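The following exercises concern the surroundings of a bound ligand. Each task is followed by a solution in steps.

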Amino acid sequence: MPITETEKIWMNGKLVDWADARVHVLTHALHYGSGVFEGIRAYETPNGPAIFRLTDHIRRMFDSARVYLMEIPFSQDELVAATREVVRANGLSSCYIRPIVYLGYGEMGLNPLPCRVDVAIAAWPWGTYLGDEGVANGVTVKISSWQRHDPNAVPPAAKATGMYLNSSMAKVEALKAGYDEAIILSPQGYVSECTGENLFVVRKGRIATPPASAGALEGITKDSVITIAQDLGFDVVEANVLRSDLYTADEVFLTGTAAEVVPIRSVDDRTVGEGKPGPKTKAIQEAYFAAVRGETDRYKDWLDYVD
Ligand code: PPE
């Protein structure tokens, strides 16, 4: 999906012009995938633009950095303030925000400890990730032949740049086979997640979503959706999900910051439910959009106003 250029990007403590936010070709992260990042969205609300669960995203980025022993040369509060500053400086009302912490230029080789740690935050307007049609009517998915990482190979608790080679392979495989998205299984054969989204399955009256131990990222949208679903009176559990559960589910949907809440209309050519968004998915999707747009008092703590 093309990037829409904005004015300014925050780099290591100051706003620079979009075109000047450059790195050297010998940047460590370019060679070894040694970066950690976030995807955050801001939405227009009745009280001006608000960044959804900003502090939770920044906290997760610090957790990701900790896994890889990267010392971020800023505090969480400083990066929270910097994120707001980027949205404000670019005059954006709703946008996608991409903070990244990466090992910079000056060292080569696999020992990351001597490397400098750089931080950048960019923001630009970004439409629906899986298309408006997908959000409204659902997407088709295929189980990937690529497996999710073993937690002792690449820890899914850390949102690291290098980890995404796996997701890209799965995404391309699915697209080339004519599907919208891939579902990736763990090395043990349990359902893990999609390429850049968590997964939920409604079956026998219960909503289940795979745990981190099955290789799923600890998604912030997933966490929000669990709360929303419980508030709607639904029975939700984090539990292992089998491939066959997807084939016999009443509803399946995916969640993510970029993707938001998207119904799944078929899995491996097996129609899910009636092949259109189910009632629980629709109720959750509606409540999620109301929450991010500041229309629900109950979830106002999730909003971080830009002004
Ligand atoms: N799993 C993966 C692998 C993942 O990348 C994401 C976010 C999620 C689950 C959902 O997490 P959360 O956003 O906290 O609910 N993927 C980000 C990057 C997508 C991209 O194309 O890049 C995102 O949604 O921003």
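**Exercise 1.** Determine where the ligand lies with respect to domain 1 and domain 2 of this predicted model.

*Solution.* Begin with the domain bounds: domain 1 spans 8-124 and domain 2 spans 132-292. Next, consider the shell around the ligand: both domains give residues to this shell, so the ligand lies between them. Then turn to the pockets: the ligand takes up the space of the largest one. Finally, identify the elements that give two or more residues to the shell: strand S6 (95-103), helix H6 (220-231) and strand S14 (251-256).

**Exercise 2.** Describe the residues around the ligand and its polar contacts.

*Solution.* First, the shell holds 21 residues, of which Tyr96, Tyr129, Tyr164, Glu193 and Thr221 come nearest. By class, the shell residues are 6 nonpolar, 9 polar and 6 charged.

Second, examine atom pairs against the 3.5 Å limit for a polar contact:

- Tyr96 places a polar side-chain atom 2.5 Å from a ligand oxygen atom.
- In Thr257, a side-chain N or O atom is 2.6 Å from an oxygen atom of the ligand.
- Gly196 has a polar backbone atom 3.2 Å from a ligand nitrogen atom.

Third, assess the cover: on its own the ligand has 550 Å² of accessible area, and the protein covers 94% of this area.

Conventions:
Residues are numbered from 1 along each chain as its sequence is written. This is a predicted model: local features need pLDDT of at least 70, side-chain atom pairs count only at pLDDT 80 or more; totals for chains, interfaces and linings use all residues. Side-chain values use heavy atoms; hydrogens and water are left out. A residue is near a molecule or strand if one of its heavy atoms lies within 4 Å of it. A polar contact is a pair of N or O atoms within 3.5 Å; within protein, one must be able to donate a hydrogen and the other to accept it, and residues adjacent in sequence count only if both atoms are side-chain atoms. Accessible areas come from the Shrake-Rupley method with a 1.4 Å probe; for residues, only the protein chains shown count as cover. On a 1 Å grid over the protein atoms alone, a cavity is a set of points where a 1.4 Å probe fits but cannot get out, and a pocket is an open set with protein on both sides within 12 Å along at least five of seven lines; lining residues have an atom within 4 Å of a point. A molecule sits in a cavity or pocket if more than half of its atoms lie within 2 Å of its grid points. Helices (H or I, at least four residues) and strands (E, at least two) are DSSP runs, numbered from the N terminus. Ala, Val, Leu, Ile, Met, Phe, Trp, Tyr, Cys and Pro count as nonpolar, Asp, Glu, Lys and Arg as charged, and the others, Gly among them, as polar. Domain bounds come from an automatic or database domain assignment.
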